[in-house]
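Visitor: I'm new here and would like a tour. Could you show me what we're looking at?

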Amino acid sequence: MFSYCTDPTALDGLQWFACYLTTGKHMGFYVSFGTVLLLLAITAPTALAFGFAAAGAARSAIAPLRWIGKTYIAIVRGVPDIAFFLFFVIALDQAFEWMRHKVKCADWDQPIRQGNDFVVCAAAKLPLGNSPQWMHETYGFFLAVLTFSIVFGAFAGNVLFGAMRAVPHAQLETAAAYGMSRRQVFWRILVPQMWVFALPGLSNLWMVLIKATPLLFLLGVEDIVYWARELGGAKTPRFTDYPHDDWRMWYFLALLIFYLAFTRVSEVVLTRLMTRLTHGQATTGGEAQRKAAT
């Protein structure tokens, strides 16, 4: 905070905006951009891991495992995302508290379900009532990441399952004929080659994941949408030293620029990654590169 910000009523022009944009709440707004990037950095590989496990299960020779993989993919893909986001946060929170309740409060003699209420002992609460604020925020962020990973993992699983099926079956048969086991064929032949088929679908999924980050606001996380609405709404001198009219349009314009810039950078990176993966591959992309080189 600048030294001349002690008396906002005496400021004008650029000084007023300099003080206004460096308040504590605005610092929270700037930090929230990092929250979104952190969510993407954690969720993307986690969702990919969920998807890889689901795709592997869906093509398993073991029937129950195959049913689990296909059911997971089908159910999550068939229900609106927002319904799952709101459901999983509540369900996961109650599941974790129920498990802690069974361990920490074994002598509890009251039902956990009491009408519409979910009641566990104080020691089983997550986080505990006397926990610092950062623990509450971290726990909420953890639930959000897990929810995003479960939902987008199903879509990634569908993409990877299709990519596995796109790898020429003759190559798998040839590897088996050379004496490779089923596991060796999977890890040495199928997995390395499937990425070139999966990347277009995963690229689209990455873009959808970026656009879905504003749902953090619905999950109780103070993200950029929360702060844009909080800071952009009309403020009167009664509640703030920096009163202003409704400026939400300008805050959301800043979010628009942020998302457009981020998706543009993503497109460039993904295009280069696709070029690298298709180099030397017997695919449409690889054939296009060979023709361009000649």
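Guide: One term before we start: helices are DSSP runs of H or I with at least four residues, numbered from the N terminus. Keep in mind, too, that this is a predicted model.

Visitor: Okay, how much space lies in the largest pocket?

Guide: Rolling a probe the size of a water molecule over the atoms shows where empty space is left. For the largest pocket here, that space comes to about 510 Å³.

Visitor: And which element gives the largest share of its lining?

Guide: The lining of the largest pocket is made up of 21 residues, with Glu137, Thr138, Phe141, Val221 and Glu222 nearest the centre. Two elements each give two or more residues to that lining: α2 (24–58) and α5 (133–166). The largest share, eight residues, comes from α5.

Visitor: How many of the lining residues are nonpolar?

Guide: Let's sort the lining by type. Two of the residues are charged and eight are polar, while the nonpolar ones number eleven.

Visitor: Which cysteines form a disulfide?

Guide: A disulfide is a covalent bond between the sulfur atoms of two cysteines. The structure holds one. With their sulfur atoms 1.7 Å apart, within the 2.5 Å cut-off, the partners are Cys105 and Cys121.

Visitor: Where does that pair sit in the chain, and is it buried or exposed?

Guide: The two cysteines are 16 residues apart and link distant parts of the chain. Cys105 lies in the loop between α4 (81–104) and β1 (113–114), and Cys121 in the loop between β2 (117–118) and α5. As for exposure, Cys105 and Cys121 are both buried.

Key. Residues numbered from 1 in each chain as written. Predicted model: local features only at pLDDT ≥ 70, side-chain atom pairs only at ≥ 80, totals over all residues. Heavy atoms only, no water. 1 Å grid on protein atoms, 1.4 Å probe; cavity = no way out; pocket = protein on both sides within 12 Å on 5 of 7 lines; lining within 4 Å. Points joined across faces, edges and corners; volume = space filled by probe spheres on them. Nonpolar A, V, L, I, M, F, W, Y, C, P; charged D, E, K, R; others polar. Buried < 20%, exposed > 50% of the residue type's maximum accessible area, 1.4 Å probe, protein only.
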